[in-house]
Amino acid sequence: MTTPTELLRDAQLRVTRPRVTVLEVLRDHPHASADAVAQQVRAAIGTVSTQAVYDVLHALESASLIRRFEPAGSSARYELQAHDNHHHLVCRRCGTITDVECGTGIRPCMDAPDDHGFAIDETEVTYWGLCPECKSLDP
């Protein structure tokens with residue numbers, strides 16, 4: 001597995017402690033919000049401003065090292081960029097997010113009925129429902 005330092009160097013980004021730590025946090029806590037990332041970064045390295053964490057997230061997203069997605073009604077979430085065009089399952093009750101493979105196994109997973117001349121290279125799909133734990137709470 002590629003280390004955060006190697007990822008940053010390969011992307012021609014400066015290797016800094018906050019950048020390395022954000023990548024480590026997202027490795028260990030996929031689908032984290034910016035606030036959750038900031039809390040974990042502070043726990044790991046001490047004082048760091050929320051703006052600094054947002055700046056790191058933006059730089060990592062711009063370098064295609066992480067992916068940002070926004071489930072409806074939720075804050076933006078971040079995960080390591082897998083470049084696999086996977087989708088997400090979201091629990092309507094507790095907000096748990098789980099990765100799910102592409103529906104057809106090939107990108108972009110869905111053919112638009114009319115592509116309007118676009119060269120489609122990615123499809124974002126979010127499946128909504130209840131996770132097993134929340135489903136067990138229903139009679």
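1. A good place to start is arginine 67, whose side chain reaches the backbone oxygen of histidine 86 at 3.1 Å. That pair is a polar contact, meaning N or O atoms within 3.5 Å, where within protein one must be able to donate a hydrogen and the other to accept it, and where residues adjacent in sequence count only if both atoms are side-chain atoms. Please keep in mind that this is a predicted model: local features need pLDDT of at least 70, side-chain atom pairs count only at pLDDT 80 or more, and totals for chains, interfaces and linings use all residues. Residues are numbered from 1 along each chain as its sequence is written, and side-chain values use heavy atoms, with hydrogens and water left out.

2. Staying with arginine 67, you will find this residue in strand 2 (residues 66-69); helices (H or I, at least four residues) and strands (E, at least two) are DSSP runs numbered from the N terminus. Arginine 67 is buried at 7% relative accessibility, where buried means under 20% relative accessible area, exposed over 50% and partly exposed in between (1.4 Å probe, protein chains only). Its contacts (heavy atoms within 4.5 Å), not counting residues up to four places away in sequence, include Arg77, Glu79, His88, Glu122 and Glu124.

3. The strand around arginine 67 has a partner: strand 2 and strand 3 pair in the antiparallel sense over four bridges, pairing being called when DSSP finds at least two bridges between two strands. Within that pair, isoleucine 66 stands opposite leucine 80. Strand 3 (residues 77-80) is also joined to strand 1 (residues 32-33), antiparallel again, by two bridges, and there alanine 32 has tyrosine 78 as its bridge partner.

4. Now for the cysteines. The unreviewed UniProt entry lists Cys91, Cys94, Cys131 and Cys134 under "binding site"; its positions follow the numbering used here, feature names are shortened, and annotations may be inferred rather than shown by experiment. These four span 44 residues in sequence, yet no two of their C-alpha atoms are more than 8.1 Å apart, so they gather at one spot.

5. Two of the four are worth a closer look. Cysteine 131 lies in the loop between strand 6 (126-129) and helix 5 (132-137), while cysteine 134 is in helix 5. With 16% relative accessibility cysteine 131 is buried, and cysteine 134 is buried too, at 5%. Leaving aside neighbours within four places in sequence, cysteine 131 is in contact with Cys91 and Cys94; on a like count, cysteine 134 touches Cys91, Arg93 and Cys94.

6. Strand 6 also belongs to an open sheet of three strands, in the order 5-4-6 with mixed pairing. Its edges are strand 5 (97-100) and strand 6, each pairing on one side only. Neighbouring strands are turned by 25° against each other on average, direction ignored; the axes are lines fitted to C-alpha atoms, for helices over the stretch in contact, and angles run from 0 to 180 degrees between N-to-C directions. Strand 4 (residues 87-91) and strand 5 run antiparallel and are joined by four bridges, with valine 90 and isoleucine 97 as bridge partners.

7. Finally, the largest nonpolar core has 21 residues, and those with the most contacts inside it are Val22, Leu26, Val37, Leu57 and Leu60. Such a core is a set of buried Ala, Val, Leu, Ile, Met, Phe, Trp, Tyr and Cys residues joined through side-chain atoms within 4.5 Å. Helix 2 (17-28), helix 3 (34-45) and helix 4 (50-62) are the elements giving two or more residues to this core, and helix 2 gives the most, with five. Not counting residues up to four places away in sequence, valine 22 touches Val37, Val41, Val56, Leu57 and Leu60.
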